[in-house]
4 protein chains.
Amino acid sequence: MGASGYAGRELCGIITQHPGLSLAFASANEQRGQRARVGSTEITYVATEDAPLNKAEVVFTALPHGTAAKWVGNARNVGARVVDLSADFRPGAAESSRTRAPYGLTELMRSQIPGAEIVANPGCYPTAILIALAPLLVEGRVLPGATINVSAASGVTGAGYSVRPDLQFAEVVEDFKAYAVGNEHRHILEMRAVAAELGGSEVDILFTPHLLPVARGILATITVPITEHSPDDAELWRRFYANEPFVEIADQPPSLRDVVRRNVVRLSVAKAANVRQPTLIIISAIDNLMKGAAGQAVQNANVLLGLTEQAGLPA
Amino acid sequence: MGASGYAGRELCGIITQHPGLSLAFASANEQRGQRARVGSTEITYVATEDAPLNKAEVVFTALPHGTAAKWVGNARNVGARVVDLSADFRPGAAESSRTRAPYGLTELMRSQIPGAEIVANPGCYPTAILIALAPLLVEGRVLPGATINVSAASGVTGAGYSVRPDLQFAEVVEDFKAYAVGNEHRHILEMRAVAAELGGSEVDILFTPHLLPVARGILATITVPITEHSPDDAELWRRFYANEPFVEIADQPPSLRDVVRRNVVRLSVAKAANVRQPTLIIISAIDNLMKGAAGQAVQNANVLLGLTEQAGLPA
Amino acid sequence: MGASGYAGRELCGIITQHPGLSLAFASANEQRGQRARVGSTEITYVATEDAPLNKAEVVFTALPHGTAAKWVGNARNVGARVVDLSADFRPGAAESSRTRAPYGLTELMRSQIPGAEIVANPGCYPTAILIALAPLLVEGRVLPGATINVSAASGVTGAGYSVRPDLQFAEVVEDFKAYAVGNEHRHILEMRAVAAELGGSEVDILFTPHLLPVARGILATITVPITEHSPDDAELWRRFYANEPFVEIADQPPSLRDVVRRNVVRLSVAKAANVRQPTLIIISAIDNLMKGAAGQAVQNANVLLGLTEQAGLPA
Amino acid sequence: MGASGYAGRELCGIITQHPGLSLAFASANEQRGQRARVGSTEITYVATEDAPLNKAEVVFTALPHGTAAKWVGNARNVGARVVDLSADFRPGAAESSRTRAPYGLTELMRSQIPGAEIVANPGCYPTAILIALAPLLVEGRVLPGATINVSAASGVTGAGYSVRPDLQFAEVVEDFKAYAVGNEHRHILEMRAVAAELGGSEVDILFTPHLLPVARGILATITVPITEHSPDDAELWRRFYANEPFVEIADQPPSLRDVVRRNVVRLSVAKAANVRQPTLIIISAIDNLMKGAAGQAVQNANVLLGLTEQAGLPA
């Protein structure tokens, strides 16, 4: 549902090429009746109201924040399980206190997913940032009381398929800017809640997102003040993610080019020279439409349905 | 000298339209004899060896780092004053300990320039960052012992007119990446030295630059832990730069688009919500070829020669 | 009027820096009360209804096609002269048969402009193409009965400041496509009418425009079957435009980079090898917002008002 | 061989994911010993001299024009069959008169390929243009004596992985230009030779290529004067390519976005209005690295080896 947006189309493309899934329907209210090419297949959109929910074992909802909950309920009523790509059921959101929905950051929450009725698929920025921070949080290496600084940049599809004057080509090309400056972005609540759960205590995160003149990809530059005896190289991450096919620990800082069209988080770790406070610099890159949205949604559906976790996903 | 690079061509363009300057010569060794259009004028390059230094009252040297010093000396020998755009005479560089050359961050060092024989024109990143930090440093508002975090991004002309495989169009478009990760960039020394001079004590700066898929422009996102009773809005900056035509304090975070082709630093200041340590977020934008190189060089020449400081410079 | 679109803002920028003009008002109905930076000045938009037409000696109307005629009439009623940037008064348009308005392709129609009440400012594509073709048409060198083939490409600002899904950054970047395929573009009528007037007989033009992933600039690639004894080099153009400051005949094919932000047409002429029918290939480049819209509008206003034709215009 | 260029890397990516092929080696002389990621696999380059030619059943040579013939000979000497991506064995090239190598425009030359020792893989422009023209040529619909006009534009990878000043990001972004103006491009000979073979007589083609600010993709805008009773819609093409999985006849003009990363030619056909001479406008789009190079090379290898023609190729 919501299959005409960027994440929705990416989802349809993955599903139509997935060895264990087939597309029951693709709904897009304003595009009802229209055809669209996803990957190498053509699909026809149905109206949201006409979506045959009972034909689907799993429903992916890629609807705007705030409107997803209703359709998630409708899908649940006919017995479908749901992977919700909106923020509605994520940690920190109002709905999340009323409805149990595990947070689908698959690598970190895998055990909670198989029995779930609803999976709250993570936001794109939180995916890149929490996968990068988890080893330090779990092992208690973040300097207590310190602020973790995150400067991140996203391609324009991160804003969804909204027709906005400020996202017109002539406004974005040759430009770069910060937004939500002042640490007010919606994702901060989501990141803090999960980080606190992982690390056992509150963590301050100062997050400044930027808009890149590229179509897709997120790069997060994360600086973490650490305790004296923390590791200063990538060994901790290699160990933590040793068996994860979708997390890559790189020797060189990753770039968008390394991850676009792939369902991976790729990250590098470096010790900061020339500062007194021991500090790590983690660079984390994802494709916001793959590991940051549609790819991770399918990864979660794979776990939910007992399929091979990597099925249908480009590594 | 070095007039075929990006900064050099920009300089020639400004000089040819400047009401008080005229171009004595433009040297570019490999392009000797070639013509080039700068602004609406055509110039012809002479070989470096053939540059008629004695015809120039002021020589601008836009040569590679390390090779500038020799030609600065040659220009001095025939009595010309020099604005050097290389790093050779900047604070922290070897040459700077042997030769007195005021640091041409004009707004902060204006009084030292008129009598100078050589002006060390600042680097592009330091210009954006030091103008943003100066009010806090001068007024002692930075939390002692804290690390100032700078995540900055530059268009490709920041790397100079070098023909590098990694700067080919197909490699840069739709990409974004960090470089010099680990706080090892040459500009750190320059920034620390000037920051210490402005603030009276050592300051830790953690600086991570990124390469943007745009031709020109730098945006620096700076987070500064501040003392309890520091100002939390832009008032301090408005006061500090009240009479500066080339520093703009904006209500909204500046974007590259606001500054490209203009000789200005444009910056915004915001207080960080949702963190315990009082912290300011300063966004600072410049055109790396204008205020970050050629524009500031002419601004310094204007001061050096007793011309109107704004002469010939697009605000 | 219509000062918030791309051409409108460019116009305001030129006017505010023009030595002989000052901006009486800038109207933009939906942006009424908003401020905007044009060049290095800030302006405030007034509602269209509130535009103090009587304060202006010349009114520039940059309104959507079809809605301009009414406001042109209003401006005429209070005695202002008008340079209209819409298609409403151009050759071939309905209004043009009722109202006398010389076609403001300044280089070719200069003598008709001084006494005019209304000048119909040319379309962007016709400007690039007709300036290129005029010498051949006037001198009767086009092969009778032949089709002139024009493949042209424009940056996205050529479509005006319309918020369209297909002009969003993620849709345009890394893409290129033809539109109005089949020789149905509105500009064909305008070009045919003027070409027939210049050459004295009907001319077939087959015109295929394309959308480029750039913000501004038009490049037209024009192939013209010519009579046996036609010139095969640029000499005819050099002679024809010998005294024109805004037409450049180049040895090398021009690129967008050569003309952006300049009020010029830059063109090259080459003879086609390897074909039996003698054919010329003319490449013509303009900035669609300058010589293709706002710049030429000011050029026409300069002529209209008896000012220096080049005043305020970047060559 | 030549596996570090754009086409070479694309080839390695296809081969490593091909169900019926495996990569025996990848040679790249200057990158010997270096690792590179192609698709989701890492490969290590060997020196050209060290390429174990005898291990390969088919050798793909993606070497610079002029140097391919020697290595094609070496591969032949150890019994390997060769798909050569250079121009050396294509129609019109010197080598092609000495050595029999069918022209691998698979859809048109399929029957000649199975027994071949060497296949001359077509150029990128000729692929887009000849597939579009073939039905008209074969059925004798092109107006005798007329010139076919082709204005085409290519992304920068069409120039190969050459480190050239004019292909640096800052030179290409926001620019667009024609090159090889005057109908002198190397591909003209190749196109004329094949067109004459398809149509049975000489054909004049006037070809003007342009450089696009995109990484990959070619769009050709082709205008063809036709005989009176020719078809004026796409029916002829639909019939001609009825069973071709890699040729798409579209109702709307194709854009680069429709074909990038796919091994297809996508084209549309329209009749020109407003001209006396009946003329068709064909828009043809390909990915220059896929159907224009590596994809078609694998398509040819599939035919050569008796594999399913579509094996391993994204449609």
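## Reading a helix pair and a two-fold axis

Tutor: In this predicted model, H5(B) passes H7(B) in a right-handed crossing, and the contact between the helices has, by class, twelve nonpolar, two polar and one charged residues.

Student: Which residues of H5(B) and of H7(B) make that contact?

Tutor: From H5(B) come Tyr125(B), Pro126(B), Ile129(B), Leu130(B), Leu133(B), Ala134(B), Leu137(B) and Val138(B), while H7(B) brings His187(B), Glu190(B), Met191(B), Val194(B), Ala195(B), Leu198(B) and Gly199(B).

Student: At what angle do the axes of H5 and H7 of chain B cross?

Tutor: The axis of helix H5 (residues 124–138) of chain B and that of helix H7 (residues 186–199) of chain B cross at roughly 25° and come within 10 Å. Because angles under 35 degrees count as roughly parallel, H5(B) is described as roughly parallel to H7(B).

Student: How should I read the relation of chain D to chain A?

Tutor: In general, two copies of a chain are related by a rotation about an axis and a shift along it. Here a turn of 180° with a shift of 0.0 Å along the axis lays chain D on chain A with an RMSD of 0.0 Å, which is the relation of a two-fold axis.

Student: Which residue of chain D comes closest to the rotation axis?

Tutor: That is Glu174(D), whose C-alpha comes to 4.3 Å from the axis.

Student: How many residues does the contact take from chain D and from chain A?

Tutor: Chain D gives four residues and chain A gives four residues; on the side of chain D that touches chain A, two are nonpolar, one is polar and one is charged. Of the interface residues of chain D, 100% are also interface residues in chain A, so the copies meet through the same surface.

Note on methods: Residues numbered from 1 in each chain as written. Chains lettered and ligands numbered in written order. Predicted model: local features only at pLDDT ≥ 70, side-chain atom pairs only at ≥ 80, totals over all residues. Least-squares fit on C-alpha atoms with pLDDT ≥ 70 in both. Contact = placed C-beta atoms within 7 Å. Nonpolar A, V, L, I, M, F, W, Y, C, P; charged D, E, K, R; others polar. Axes fitted to C-alpha atoms, helices over the stretch in contact; angles between N-to-C directions. Helix = DSSP H or I, 4+ residues; strand = E, 2+ residues; numbered from the N terminus. Parallel < 35°, antiparallel > 145°, perpendicular 65-115°, else oblique. Left-handed = near helix turned anticlockwise from the far one by under 90°.
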